[in-house]
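User: I'm new to reading structures and would love a close look at one residue. Could you then show me how other spots can be read in a similar way?

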Amino acid sequence: MTELRRTIDEIRFVLQDEAFSITDQLMQCIADYSTQCHDANVRLRKCEEFLNQGLRSEALHLAEISPNLLDTVAMLDFPEREQWVNLLSGYSLPKPEPLLLGVASILNEAYAVQQPLQRLLDQHRLHALARSPLVQRLSVLRAISEIDTASGHWDGDIRAMERARFREIESESRVAIAAGEVESLKELVGELSGRGWLETVPPDLLRNLKQKGGHVVRGQAREQLEMLVETLHDAQAALNLGLARQMRDAWIANAKVVQLDEHDELAQQAAPVLEWVEDEDRKEAAEKAYRRAVADLEQALDQNTLSSTELQQFGLAIEKCGRVIPEVLRARYRNRLTTLDLAQSRRNLLRIGGTVGAVVAVVAVICVAVYFSSEAEKSRRILAAASGLIDEHKLDEARKLLAEHPHRLLSEEGLALKSKLAGATQAEHDRQAKLNAAIERAQDSTDLAANAVALEQARVLVRTADEKIAVGKLEADWTTRRNADVALGEQKFRTMLATTTANLRTLDSLLNTPDSESDIRKLVEQVQSELNELHALEPKVAAELTSQATLLESRFGGFRKTYAEVVKKNVLLDRLAVLVQVGGPTSPTDPRLTEYKDALAQFATAFPNDPRIAGFKGGGSEDVIKSILARHKLAASWQQFWPPDSQEVQSRQKSCAAFLKEFPTSPERDVVGRYAAFLKSLEWRKEGDEDSKTSVQVRLKDLLSGKLIRDGFLLRSKEGKDFRDYYLEKADDFSERTTPITFKYIVGFNGEIKTSKALEPSLFPTPKTVDPPQKAIADQIVENLGEVDDEKWDDFLNQQANLLLNATEVNAFLRYFLVLKILEFASEGNSLLAVELKKPLSDLNDDPPDMSVSWMDPLNIAAKDSRKRADTLIKRITTSTLKAAWGRAAVAQEKLSAELFRQTLPIGWLERTADRRWILRSKWTSDKKHSLMVSVTAEDGARTWQSVGFVQAGTAEWNLPAVGSLVEGTVVFATSIPGSHKTAFAP
């Protein structure tokens, strides 16, 4: 909002500046204002969409996001906006888009509707979260619907909830009927009979509820009547009239509910007792009436104002009760009546004699009253006329009138008027003296301000026409002098306005210029001095010019506030630039991490809208730095890539698992995860995986120790053009045989035996059995297997795989099978090598031969086909293929080792200069070259490292395509160049 206010102030200055010119600053101002208008309209349109969809709360929430939308629109719609648009049109400059003020008005009305709704909406949410009873929730929803008539979705919610309430009432009614809860049934009937339902109340539900509820109510009422009959008889027997009356009232209420017939057995049982109670009630009522009438008569006898007729009414009231006046009152009553009758007779005689004398006296009094009343009215008129003359400042005329009627001043009112006249005379004398003094001051004054004060005093005091003419002439003289003085002052004022405006523009530009603090301070003092001088000149210039000075002062105040914030912000940023350097090669933990966190919180509190905060929290959060320190600590404890023994392998696996659990989204999880997988593959070499539970070494040894690999004997014949290899269980020699020979040879995996046909000895190039060619390779592997350590394991398997590839004398099927298994074991024992062996293994498994065929049977046709397929597949794998795979795995291992042991340090963050160049804000220095990285969020929500360039000797070289959409404040980390395990950091 501060930037927007500054932009609008700049527009106003441009509108008031006579020397209009198109500058870069003006174009920036035009662009900033147009952007603000566009952004405001975008938010207004989104709010309008929400309002059209009935989503008022969402629209108001969007409007209240900082900066507040309506406040922004109010600022953008400043009074001179139309003048600004016309100016831009005249110079063919881009105009801002019209503000959607109609939408803003609708949004403002939405606030008025939302405020009374807010409390009800809060209640609605609380009831929903608490799963409150539907009765309460319906009540709140109906209240919301009555107020929020514009939203149509409330009716749908109410109808859905009412349908659910109908089902609930049906269930509750069954429970209440079963339990005989009459009050609950009455409440349910009352609820269904109400008028607030939008949905039609199911008639069957209400009818059944009334019928079944009425049945329950009548049943309980009859039970009450049965108990009341016994209680009524007990009360009559004990002559307990009070208890009988209570039971009688209860009987009547329950009998009305049951609609008890007078012939009913219960009614006949209770009738004698009820008649007794009614008879006693009548007797008691008659006694109370008699006592009340006696008391009224006794009270009337104590009064002396009643007439004979009125007193007799009290006596008649007693007689109406069927009783006589008590003896103690009877004599008083009769004597009072006799006395009242005699007094009335005497009054009648006296009234006739006094009538004549009264008439004469009244006539005399009337004549005297008429005379004095006439004189008093004449005095009142004369004194009132004199008072009016005094109020109109006609003092001479008032004196003349009073002098003609001196005797009128002898009354109290006349003396008061005489005093009023004397006071008015003195006041007139004082007025004239003050007026003359004010005129003299105005004539003698050389100061415009003092002259204005004196003339104002004179204007207040004038009354007569001559006085007004004199003051008017004086005002005309001073107006001429003031106009000349004002013209001179305004010229000077305009010059100073232009100078101060230019200096303020310079200050604004210096605000974004590095190392300009000294220039800013000097210019601030100069502008303050200029503003003070403008204030001194304000009394001599027009109001429109003083308003410009006020705008300048407001703008200067805004600048000083902004500058103070910039200074404060730079102090905090410099402190953060120091504290962000957490950790190092010899310090896997650093107490400054807490200080950095506290300083970051202090900065966020002081400047909540600073764009850097998102970068601080996004790319350099506390967890990222903690994970780096944790990885440093692990690397420092390990010191070398290869674990020295199996126990250390397991220990490192636990450390990696703990790290990945504590930092599941850290960018360091990749290198630690890859190392954990590598350690797991090392464990499999000697311990076995989750599926096999048998180590790779044991499985390889078992494979090479099987039948026909190390423990069989080979007999080769040449029948036609083909050589045939027969595997015998025992060694044999046919050198001395001259007749056809037969022998038993193995034809199955389980040692199945078959007898050969008779063959001529000449068919055997070597007439005795020999060791199979794969035995030597298998013996070598098995004998050396236990002596191979972890670091030499991969090279050992590479050598054996190459031996088998070159052992063309080995059965093609068996050679294929052994190479396949050795490559699979190599993959299981090294996760890095497994990646590189995927392609060779894929080639070997591409339409593989039938692995269940009896490959050792030279006469098996299927085995012959399998050998051909195996020979084709094995030719796809060459020594160079395996050498390249093992070489790439070694490079990957070196890279993993470098990443695992490298030192990473947060050194600063990204900032952009006024000309939109990226710079590195940091207090860190090093004379060596380091890679710069930032932490970014991947698609899976975790964080990953992204290279953004290099730094050396404090100068950053950015890889701009990699920077992409990074924001200011993104924390930058320095790390050693891959391939080096150590780096040097400045303290």
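Is Asp-847 buried or exposed, and what is its relative accessible area?

Analyst: Happy to help! This is a predicted model, where local features need pLDDT of at least 70 and side-chain atom pairs 80 or more, while totals for chains, interfaces and linings use all residues. Residues are numbered from 1 along each chain as its sequence is written, and side-chain values use heavy atoms, leaving out hydrogens and water.

Asp-847 is exposed, with a relative accessible area of 55% (buried is under 20%, exposed over 50%, partly exposed in between, with a 1.4 Å probe and protein chains only). You will find Asp-847 in the loop between α32 (838–844) and α33 (861–874). Those labels are DSSP runs numbered from the N terminus: helices (H or I) of at least four residues and strands (E) of at least two. The backbone of Asp-847 deserves a look too, with a positive phi near 55° in a residue other than glycine.

Now turn to Ser-92, which is not a glycine either and has a positive phi of about 55°. Ser-92 sits in the loop between α5 and α6 (101–130). Its relative accessible area is 67%, so Ser-92 is exposed.

Another backbone detail is the cis peptide bond leading from Ser-66 to Pro-67, whose omega is near -5°. Pro-67 belongs to the loop between α3 (56–64) and α4.

For buried residues, let's look at the aromatic rings. Rings of Phe, Tyr and Trp (its six-membered ring) pair if their centres lie within 6.5 Å; planes under 30 degrees apart are stacked, over 60 edge-to-face and the rest tilted. The model has 17 aromatic pairs by this rule. One of them joins Tyr-33 and Phe-78, edge-to-face, at 5.8 Å centre to centre and 80° between the planes. Tyr-33 is in helix α2 (residues 24–52) and Phe-78 in the loop between α4 (69–76) and α5 (81–90), so this pair ties together parts 45 residues apart in sequence. Tyr-33 and Phe-78 are buried.

Phe-743 and Phe-764 also pair: their centres are 6.1 Å apart and their planes meet at 70°, so this pair is edge-to-face. Because Phe-743 lies in the loop between β2 (722–728) and β3 (744–746) and Phe-764 in the loop between β4 (753–755) and α28 (774–785), the pair links parts 21 residues apart in sequence. Phe-743 and Phe-764 are both buried.

Finally, try finding the aromatic cluster formed by Trp-638, Phe-641, Trp-642, Tyr-675 and Phe-678.
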